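Work through the exercises below with the sequence and the coordinates open beside you. Each task is followed by a solution that proceeds step by step.

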Amino acid sequence: MKRMREAIDIIRINIWTLVKYEAVYKILTLLIFMPLFLKGFNEIMNITGYTYLTADNLFEFLFKPITLLFLFILVILMTLYNMFDITTIIVILDASYQRKTINTFEALYASLSKWKNLFSIKNILLPFFVLLLIPFVNIGISSDFISSINIPAFVMEVIEGNRIYHIAYYIVMIIFVIILILWMYSLHYFVLENENYFLAIKHSMALGKHKHIKDILILALIQIF
């Protein structure tokens, strides 16, 4: 209870900066960026000659060379967009932790200055963590945009209708949860310490050593909440 009160006191320092930033980000996401990303995906379908996707043609569509190229570009753009949100939130919360006030423009400037670290081959695992691992595990710690990413319903129907696929799905989810627990602090190291993502993962695993059960319980409580 004491730690909860301390956390609330820390967040309160820059609460209005966080609220104003998130309000603008959500409006831009809903009105501009979400439609743009969806249009981009629809354009990929049009270019490859698909009008709709089903369980029968999904893998054929995904493994076309032109699809892979355009999806790669789309994933990079989505990663850049989502990481800007995550970076800005971490910057604001870190300022609060240090008992410093920060306004929205200062937070945006600091976030942009750290954004350049994304353009490195050493950070190649970042899209996997931000766009695949967090949303599909559905653990409740992602940004508003990536929390909307989900496995299509018709794919889940195929998985649930086949016992082997069903077992494989849960095995993959368990592996994802384990990776998520081990890498939990990696984004903070990446943003606050200006480390490449491989080094951030290493430090995250070292920081979480011997307290993984506690971390799992905390994540479970967050998810329930």
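## Exercise 1: The start of the last helix

Task: Find what H212 touches, not counting residues up to four places away in sequence, and describe its setting.

Solution. With contact meaning heavy atoms within 4.5 Å, H212 touches I181 and L182, once residues up to four places away in sequence are left out. The model is a predicted one, in which local features need pLDDT of at least 70 and side-chain atom pairs count only at pLDDT 80 or more, while totals for chains, interfaces and linings use all residues. Residues are numbered from 1 along each chain as its sequence is written, and side-chain values use heavy atoms, with hydrogens and water left out.

Next, place the residue: H212 lies in helix α11, residues 212-224, where helices (H or I, at least four residues) and strands (E, at least two) are DSSP runs numbered from the N terminus. Then take the separation from L182, which is 30 residues in sequence and 7.8 Å in space, C-alpha to C-alpha. Finally, H212 has a relative accessible area of 25% and is therefore partly exposed, given that buried means under 20%, exposed over 50% and partly exposed in between (1.4 Å probe, protein chains only).

## Exercise 2: The overall count

Task: How many helices and strands does the protein have, and what percentage of its residues is buried?

Solution. The secondary structure comes to 11 helices and zero strands. Of the 225 residues in the protein, 37% are buried. The exposed surface is about 14300 Å², of which carbon and sulfur atoms supply 71%; these accessible areas come from the Shrake-Rupley method with a 1.4 Å probe, and for residues only the protein chains shown count as cover. Among contacts between residues at least 6 apart in sequence, 67% join residues at least 24 apart.

## Exercise 3: Two helix spans

Task: Compare the expected span of α2 with the separation of its end C-alpha atoms, and repeat the check for α4.

Solution. The expected span is 1.5 Å times one less than the number of residues. For the 34 residues of α2 this gives 50 Å, and the end C-alpha atoms are 46 Å apart, which agrees. Helix α2 also has a kink of about 50 degrees centred on T29, the bend at a residue being the angle between axes fitted to the seven residues ending there and the seven starting there. The buried residues of α2 include Y21, Y25, T29 and F37, and its buried residues pack against α3, α4 and α5. Just after α2, G49 takes a positive phi of about 85 degrees.

For the 33 residues of α4 (residues 65-97) the expected span is 48 Å, and the end C-alpha atoms are 47 Å apart, which agrees. R99 follows α4 with a positive phi near 60 degrees, and lies in the loop between α4 and α5. R99 is exposed, with a relative accessible area of 53%, and leaving aside neighbours within four places in sequence, R99 is in contact with D9, I10 and I13.

## Exercise 4: The nonpolar cores

Task: Which residues have the most contacts inside the largest nonpolar core, and which helix supplies its largest share?

Solution. A nonpolar core is a set of buried Ala, Val, Leu, Ile, Met, Phe, Trp, Tyr and Cys residues joined through side-chain atoms within 4.5 Å. The largest has 42 residues, and those with the most contacts inside it are M83, L126, F129, V130, L187, F190 and Y197. The largest share of this core, 12 residues, comes from α4. Apart from it lies another core of five residues, among them M156, I159, Y169 and F176.

## Exercise 5: Aromatic geometry

Task: How are the rings of Y169 and Y170 arranged, and how are those of F190 and Y197 arranged?

Solution. Rings of Phe, Tyr and Trp (its six-membered ring) pair if their centres lie within 6.5 Å, and planes under 30 degrees apart count as stacked, over 60 as edge-to-face and the rest as tilted. A search of the whole structure finds nine aromatic pairs. Y169 and Y170 form an edge-to-face pair, 5.2 Å centre to centre with 75 degrees between the planes. The rings of F190 and Y197 have centres 6.1 Å apart and planes at 80 degrees, so this pair is edge-to-face. Y169 counts as buried at 18% relative accessibility, whereas Y170 counts as partly exposed at 47%.
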